[in-house]
Every structure is written in C-alpha cells, then in structure tokens.
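Biologist: Please give me a close look at a single part of this model. Start from what packs around it, then follow the neighbours outward.

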Amino acid sequence: MFDGATIIDSLDTLYLMELQDEFQEAKAWVEENFHLNVSGEASLFEVNIRYIGGLLSAFYLTGEEVFRIKAIKLGEKLLPAFNTPTGIPKGVVNFKSWGWAMAGSSSILAEFGSLHLEFLHLTELSGNQVFAEKVRNIRKVLRKIDKPFGLYPNFLSPVSGNWMQHHVSVGGLGDSFYEYLIKSWLMSAKTDVEAKDMYYEALEAIETHLLNVSPGGLTYIAEWRGGILDHKMGHLACFSGGMIALGAEDAKEEKRARYRELAAQITKTCHESYARSDTKLGPEAFWFNSGREAVATQLSESYYILRPEVVESYMYLWRQTHDPIYREWGWEVVTVSPGEILSNRSRFLRDPRRVQ
C-alpha cells in the first residue's frame with residue numbers, strides 16, 4: 001500500500017530534535033513521493049495514527065501546507081470505512097476499490113476508538129464536518145450499548161452493534177481507546193465532558209474488576225474473559241501508568257491521590273518486568289501465577305520488539321513527580337549492552353527451557 005510510514009511518523013521528532021537536514025529530506029519525500037493513488041489493503045488504525053497523525057503533527061509544528069493538504073486528502077479516502085449499518089468502521093481498507101476488506105466480523109475497540117483526535121483536527125483544518133460526525137457517532141454507539149460491569153470488550157460487530165466476545169484488555173486490542181478518551185478531554189481545553197465521563201467511568205470499572213495485587217506486592221491490570229481473569233499484563237498495557245498519572249489531576253478530588261499512587265505502582269510493576277528478565281528488556285507479556293511474578297512464562301511471549309510503553313510511563317511519571325528514579329529506569333533501558341543480549345541469547349539456545 002503506502003510507503004514511508006516511518007518517514008511520516010518521524011517528521012515531528014526530526015523537527016523537534018532540530019535535525020533540519022533530515023527533516024527537509026523527509027518533507028521533500030512527502031511532496032514528491034507520497035502519492036494517494038495507490039492500490040492494496042491497509043489498516044485503518046495504522047493509516048490514521050501513523051500517516052494522518054504524522055502529517056497533522058508536522059503541519060502544526062511548521063505551518064507547511066503540504067502536510068495539511070495530504071492529511072485531509074488521506075482522511076477523505078478513509079471515509080468509506082464508516083459505511084456500515086452502525087457507523088462503526090471496518091478495520092482494513094482496500095484502496096484499489098475504495099472498499100473495505102472483510103477482516104473478520106468484528107471491529108476492534110483500540111482501532112475504531114483511536115480515531116477521535118485526528119478526525120476532529122481534520123474537521124478543524126478542512127471545515128468539513130463529516131470527519132467529526134463520524135467519530136462522534138462512534139461515541140454515541142459506545143454510550144448506548146450495554147457494557148458488562150461497565151467494562152468495554154475488545155470486539156464489536158459493525159453490523160449489529162453488539163459485542164462479539166467478552167474479552168477485556170487494557171493492553172493489546174483495547175489500549176489506545178482509553179488513552180484517546182483522556183487526551184480528547186485535555187485536547188479540547190477540558191470542554192469534552194463526554195470523553196471525561198467515559199474515561200473515569202471506564203477507569204473505575206477497571207479498578208473494580210481488573211486491578212490486582214500479587215502476593216509479592218506488585219500491582220497489575222489483569223485481562224478479563226467472560227468473568228474469568230487472566231493474571232497477565234502485556235507490554236502494551238504498560239502505557240496505563242502514564243495514562244492514569246496524566247488523568248489524575250482532573251479526577252474527583254477524593255480519587256486524585258489514589259490515582260497518582262496507582263500510576264506509580266503500575267509503572268513499578270512494568271519496571272520489574274524489565275528488571276527480572278535476563279536481558280533487562282521487558283517481555284511482550286508477563287504473568288502472575290505459580291509463584292512467578294512479572295515474568296514471561298511462555299516462549300511465544302519472551303521477546304522485545306522496541307515497544308515504547310514502559311519508557312512512556314517513566315516519562316509521564318518523571319514530569320509529574322520529578323522523582324529521579326524514573327530517569328534512572330529510562331537510562332537503564334537505553335544502556336542495555338548488546339553483548340549482554342547476545343550472551344543471553346546463546347544461553348537460551350543452549351537451554352530453550354529458559355523463556356525470560
């Protein structure tokens with residue numbers, strides 16, 4: 001489908017880091033090589049957060065019209081996604097026919113729930129209300145539908161508007177839906193009361209039904225499958241420490257201190273998933289069972305793919321508290337020795353029972 005996801009996703013970073021030669025090279029690529037008359041399939045979610053999000057950020061930082069125009073045109077190409085009985089979009093786009101591929105019968109909460117920020121800005125920059133209308137309808141559907149114990153399952157039928165499975169996760173499949181709620185509240189200069197209410201209601205349900213403390217004293221957010229808990233956290237769920245810290249200020253007064261402490265405890269748990277691994281890099285998922293805590297217990301989860309969520313939470317907690325421990329933890333991540341990683345890989349290959 002499209003080329004250049006890393007180029008466009010990096011535009012704001014290049015600009016903020018004053019890497020002007022690299023930024024100008026990337027801008028020239030967008031002007032000359034980023035064409036929208038392409039064929040093939042792509043993820044609605046990835047196109048939105050990486051391409052549209054990257055272009056919008058670059059426009060707001062620089063005022064360069066090329067970024068605004070390309071973002072709006074690309075947004076227009078995504079609009080057929082919403083042509084479903086409920087207005088909940090399908091997850092995969094076919095740009096050849098401007099149609100939508102059947103990527104299963106369900107839409108994913110983290111995908112259709114992570115469009116709001118960008119689409120409101122598309123309306124603001126284009127004057128076309130259709131972008132805002134599409135994402136506001138998603139909110140309308142979610143507000144109306146019954147939610148088990150106030151929780152949001154990860155799979156929703158775009159045809160019937162019913163939940164397809166009762167699997168709830170603050171990690172993969174659910175994660176950025178919650179993040180976009182609190183950030184919509186903040187981005188609106190704290191006028192989007194609907195987003196605020198949805199966020200704190202969801203957080204209270206998570207705290208009541210998913211939050212656990214291990215025998216060793218580690219706080220974690222479990223996954224929920226039809227009323228049964230999986231006592232695990234994915235690396236993706238480790239963004240939640242930073243999110244809860246970000247939202248603590250605007251919680252009910254009696255909850256603010258609690259949420260600040262909860263953010264710190266979850267972030268500490270995610271740090272432990274790094275500290276307890278042989279390489280000092282955290283696994284894709286870690287469990288709390290059979291006397292083992294914050295470690296991967298399956299080979300299929302014992303890998304690290306440059307995920308940023310743990311370090312992101314360190315950054316939020318540092319900015320809120322200025323506790324130097326978060327800087328120290330961040331420095332630990334960037335100074336992991338390649339030799340140490342290779343050494344541990346060799347030990348694992350000799351003894352594949354070692355999975356962390």
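Modeller: The buried residues of α7 pack against α4, α5 (65–78), α8 and α9. This is a predicted model. Helix α7 is mostly covered, with eight of its eleven residues buried. The buried residues are His-116, Leu-117, Glu-118, Phe-119, His-121, Leu-122, Thr-123 and Leu-125. Just past the end of α7, Gly-127 takes a positive phi of about 80°.

Now the empty space around this helix. Rolling a probe the size of a water molecule over the atoms shows where empty space is left. Over the whole structure, the search finds five cavities of 30 Å³ or more. The largest has a volume of about 100 Å³. His-116, a buried residue of α7, is part of the lining of this cavity. Two partners of α7 supply more of the wall: α8 (130–144) and α9 (175–187) each give two or more residues to this lining. Among the lining residues are Val-135, Ile-138, Arg-139 and Leu-142, and also Phe-177, Tyr-180, Leu-181 and Ser-184. By class, the lining has eight nonpolar residues, three polar and one charged.

Next, the open space. The largest pocket holds about 1,500 Å³. Of the 35 residues in its lining, the closest to the centre are Ile-49, Arg-50, Glu-179, Tyr-180 and Lys-183. Helix α7 (116–126) supplies at least two residues of the lining, as do α2 (11–16), α4 (44–62), α6 (109–112), α9 and α13. The most comes from α4, with ten residues. So which helices both pack against the buried side of α7 and supply at least two residues of the pocket lining? They are α4 and α9, both partners of α7 and both in the pocket wall. The pocket lining divides into 16 nonpolar, seven polar and twelve charged residues.

Stay with α9. Tyr-180 lines the largest cavity and is also one of the residues closest to the pocket centre. Glu-179 and Lys-183 are also close to that centre, and both line the second largest cavity. That second cavity holds about 50 Å³. Its lining includes Ile-182, Phe-239, Met-243, Leu-246, Glu-312 and Tyr-316. Two or more lining residues come from each of α9, α11 (240–248) and α13 (309–321). The classes are five nonpolar, one polar and three charged.

Helix α11 leads to the disulfide. The count is one. Cys-238 is joined to Cys-270, S to S 2.1 Å. The link is left-handed, with -95° about the S-S bond. Cys-238 sits in the loop between β12 (232–234) and α11, and Cys-270 in α12, so the pair links distant parts of the chain, 32 residues apart. Both cysteines are buried.

What does α12 look like? Helix α12 has 23 residues and reaches 34 Å from first C-alpha to last, close to the 33 Å expected. Its buried residues include Tyr-259, Leu-262, Ala-263, Ile-266, Thr-269 and Cys-270. In an α-helix, residues three or four places apart point the same way.

Take Thr-269 in α12. At 0% relative accessibility, this threonine counts as buried because the cut-off is under 20%. Beyond its neighbours in sequence, Thr-269 contacts Leu-218, Thr-219, Tyr-220, Phe-286, Phe-288 and Ala-294.

One of those contacts deserves its own look. Thr-219 lies in strand β9 (residues 219–221). It counts as buried because its relative accessibility is 8%, under the same 20% limit. From α12, Thr-219 touches Leu-262, Gln-265, Ile-266 and Thr-269. Its other contacts, beyond four places in sequence, are Leu-211, Asn-212 and Val-213. By contrast, Thr-219 and Gly-40 are 43 Å apart in space, C-alpha to C-alpha, and 179 residues apart in sequence.

To pull it together: α7 packs its buried residues against four helices. Partner α9 contributes to the linings of the largest cavity, the second largest cavity and the largest pocket. Along α12, Cys-270 carries the disulfide to Cys-238, and Thr-269 touches Thr-219.

Key. Residues are numbered from 1 along each chain as its sequence is written. This is a predicted model: local features need pLDDT of at least 70, side-chain atom pairs count only at pLDDT 80 or more; totals for chains, interfaces and linings use all residues. Side-chain values use heavy atoms; hydrogens and water are left out. Buried means under 20% relative accessible area, exposed over 50%, partly exposed in between (1.4 Å probe, protein chains only). Contact means heavy atoms within 4.5 Å. On a 1 Å grid over the protein atoms alone, a cavity is a set of points where a 1.4 Å probe fits but cannot get out, and a pocket is an open set with protein on both sides within 12 Å along at least five of seven lines; lining residues have an atom within 4 Å of a point. Grid points are joined across faces, edges and corners, and a volume is the space filled by probe spheres set on the points. Ala, Val, Leu, Ile, Met, Phe, Trp, Tyr, Cys and Pro count as nonpolar, Asp, Glu, Lys and Arg as charged, and the others, Gly among them, as polar. A disulfide is a pair of cysteine sulfur atoms within 2.5 Å. The expected span of a helix is 1.5 Å times one less than its number of residues.
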